[in-house]
Amino acid sequence: MKKTLILIVSAIMLIVTGCTGQSDKIFNGKNLSNWNFVIETDSVPPEEVFSVKDHSIFITGKPIGYMYTKRKYSDFTLETEWRWLGEAGNSGIFLLIESPDNPFPRAIECQLKAGNAGDFVLLNHSQLAEYALPEGVTERPKFPVIPKKNNSNEKPVGEWNKAKIVIKEGHISVYINDLLQNEGTSPVTEGHIGLQSEGYGVQFRNISISE
């Protein structure tokens, strides 16, 4: 009876784990087998830009491009930490990627550029309901920006920053170092997730996703 009860409890735990999405490994800490890659003009092999060491993802920044998840996600919470390698620079987390275009996908970027972490950038004609043309502007910019809500709360170069992104039915909430920095509403509710290479070395670790 006791053994039967243990088996039943174990089975329930497995079912619950599967339902909460905990079994899905966005990054296994060993390799990038769950990711695809886009490099501008396909100028170098992806492994020259994206690599894994000490359970972290290292991105050189040159040439520009991005890595993106093989599967698409809809309602989820994404958490990760990042820091700059050498000097404060530029990178981003791509959300709700519709198609992996080169070098910028149709997606919403959660900006990680130093001093601007938490901004939204609308890539490749993507849209958020909260975006409106600035006063006096009649033509949509190539990279429209929805600025973050508060002043920068980023850590100094070399220290780890934390990003938490919650998406539910297209509504995106971005927390930088536990402070709500931005919110937006996308008509697109499902897509790939990406990490950007844009000119500067950056390291990501502790990447987790729950659905």
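Is Asp-178 buried or exposed? I looked this up before anything else: Asp-178 is exposed, with a relative accessible area of 61%. My scale for these words is buried for under 20% relative accessible area, exposed for over 50%, and partly exposed in between, using a 1.4 Å probe and protein chains only.

**Ground rules.** I am working with a predicted model, where local features need pLDDT of at least 70 and side-chain atom pairs count only at pLDDT 80 or more, while totals for chains, interfaces and linings use all residues. I number residues from 1 along each chain as its sequence is written, and side-chain values use heavy atoms, with hydrogens and water left out.

**Salt bridges.** I take a salt bridge to be a side-chain nitrogen of Lys or Arg within 4 Å of a carboxyl oxygen of Asp or Glu. The structure has five of them, and I followed up three.

I began with Asp-178, whose side chain meets that of Lys-162 in a salt bridge at 2.9 Å, N to O. Lys-162 sits in strand S10 (residues 161–168) and Asp-178 in the loop between S11 and strand S12 (179–185), 16 residues apart. Strands here are DSSP runs (E, at least two residues), and helices are runs of H or I of at least four, numbered from the N terminus. Lys-162 is partly exposed, at 30% relative accessible area.

Next I checked Arg-71, which forms a salt bridge with Glu-211; their closest N and O atoms are 3.1 Å apart. This pair links distant parts of the chain, 140 residues apart: Arg-71 is in the loop between strand S4 (65–69) and strand S5 (76–84), and Glu-211 is in the segment after strand S14 (202–210). I find Arg-71 partly exposed at 36%, and Glu-211 partly exposed at 37%.

My third pair was Arg-205 and Glu-81, with closest N and O atoms 3.0 Å apart. Arg-205 lies in strand S14 and Glu-81 in strand S5, so this salt bridge ties together parts that are 124 residues apart in sequence. Arg-205 is partly exposed at 26%, whereas Glu-81 is buried at 17%.

**Strand S14 and its partners.** I count two strands as paired if DSSP finds at least two bridges between them. S5 and S14 run antiparallel and are joined by seven bridges. Strand S3 (residues 56–59) also runs antiparallel to S14, with three bridges. I noted that Val-202 in S14 has Ile-59 opposite and also Trp-84.

**Strand S11 and the core.** A nonpolar core, for me, is a set of buried Ala, Val, Leu, Ile, Met, Phe, Trp, Tyr and Cys residues joined through side-chain atoms within 4.5 Å. The largest one holds 39 residues, of which Ile-93 and Ile-172 touch the most other members. Apart from it I found another core, of eight residues, including Ile-97 and Val-121.

Ser-173 is in strand S11 (residues 171–176), and it counts as buried because its relative accessibility is 8%. Leaving out residues up to four places away in sequence, I see Ser-173 touching Lys-164, Ile-165, Val-166, Leu-180, Asn-182 and Glu-183; contact means heavy atoms within 4.5 Å.

**Ala-88.** What does Ala-88 touch, not counting residues up to four places away in sequence? I found Ala-114, Val-157 and Tyr-200. Ala-88 and Tyr-200 are 112 residues apart in sequence, yet 7.8 Å apart in space, C-alpha to C-alpha. Ala-88 has its place in the loop between S5 and strand S6 (92–97), and counts as partly exposed at 34%.
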